[in-house]
Amino acid sequence: MVQIVVRGSVDGSGPPEWLLVELQGEMVSRHNSGLAGDVMGDLLYTKEGVPVLIVGHHILYGKQVKLEKPFAVLTKRPGHSRDSQDGDAVAMETNWQDPVSTSYTVTALIKRKLIFKTRPKPIITNVPKKV
């Protein structure tokens, strides 16, 4: 039996809360290089609290909902010895046999998500008519 160690925050405060964004369709980069580390668009809220996502020349209106079961974002720390476990660590039992345990740190919690169900609408500005 192996124990997997899951640690809370180091300074005693809770981990930050992230939002999950759910879109219709797919997001593709122009250069097929992936989206990791790139800015996708601007996320704003109206005075009424409605989330608005602006991607390029398109605008999407969504809603915020609470997840039934929250997610935890974990960061893996391989090769952590069992002797140096902290007192606040929580161990999970597994059937995997390994002489050196692996620990996980809770990076963030996801309790809410933004849903953008509708198709994006183009942002059209006033274009002067040619005379």
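Biologist: Why is the pair Arg112 and Glu17 called a salt bridge?

Modeller: The side chains of Arg112 and Glu17 meet at 2.9 Å, N to O, and a salt bridge is a side-chain nitrogen of Lys or Arg within 4 Å of a carboxyl oxygen of Asp or Glu. The pair therefore qualifies. Arg112 belongs to strand E8 and Glu17 to strand E2, so the salt bridge ties together parts that are 95 residues apart in sequence. This is a predicted model: local features need pLDDT of at least 70, side-chain atom pairs count only at pLDDT 80 or more, and totals for chains, interfaces and linings use all residues. Residues are numbered from 1 along each chain as its sequence is written, and side-chain values use heavy atoms, with hydrogens and water left out.

Biologist: How many salt bridges does this rule give?

Modeller: The count is 2. Lys113 and Glu22 also meet in a salt bridge, at 2.8 Å, N to O. Lys113 is in strand E8 and Glu22 in strand E2, so this pair ties together parts that are 91 residues apart in sequence.

Biologist: What makes Lys113 count as buried or exposed?

Modeller: Its relative accessible area is 17%, and buried means under 20%, exposed over 50%, partly exposed in between (1.4 Å probe, protein chains only). Lys113 is therefore buried. Glu22 has 36% and is partly exposed. Arg112, at 32%, counts as partly exposed, as does Glu17 at 39%.

Biologist: How do you know that E2 and E8 pair?

Modeller: Strands (E, at least two residues) are DSSP runs numbered from the N terminus, and two of them pair if DSSP finds at least two bridges between them. E2 and E8 have 7 bridges, in the parallel sense, so they pair by that rule. Leu23 has Phe116 in E8 as its bridge partner. E8 is also joined to strand E6 (residues 63-77) by 11 bridges, running antiparallel; there Val65 stands opposite Lys113.

Biologist: What makes E3 and strand E9 (121-122) edge strands?

Modeller: Each pairs on one side only. The open sheet has 4 strands in the order E3-E4-E5-E9, with antiparallel pairing. E3 and E4 pair over 4 bridges, with Leu43 opposite Leu53 in E4. They form a hairpin with 5 residues between them, and Gly49 in the turn has a positive phi of about 90°.

Biologist: What makes Leu53, Val55, Leu60, Leu114 and Phe116 a nonpolar core?

Modeller: A nonpolar core is a set of buried Ala, Val, Leu, Ile, Met, Phe, Trp, Tyr and Cys residues joined through side-chain atoms within 4.5 Å. These 5 residues form the largest such set. Strand E4 (51-55) and strand E8 (103-116) each supply at least two of them. Beyond its neighbours within four places in sequence, Leu114 is in contact (heavy atoms within 4.5 Å) with residues including Leu19, Val21, Leu43 and Tyr45.

Biologist: Why can Met40 belong to a nonpolar surface patch?

Modeller: Patch residues have over 30% relative accessible area and no salt bridge, with nonpolar side chains (Val, Leu, Ile, Met, Phe, Trp, Tyr) joined within 5 Å and like charges within 9 Å. Met40 has 33% relative accessibility and so counts as partly exposed. Val21, Met27, Leu35 and Met40 make the patch, of about 290 Å². Met40 is in the loop between strand E2 (17-23) and strand E3 (42-45).

Methods:
Accessible areas come from the Shrake-Rupley method with a 1.4 Å probe; for residues, only the protein chains shown count as cover.
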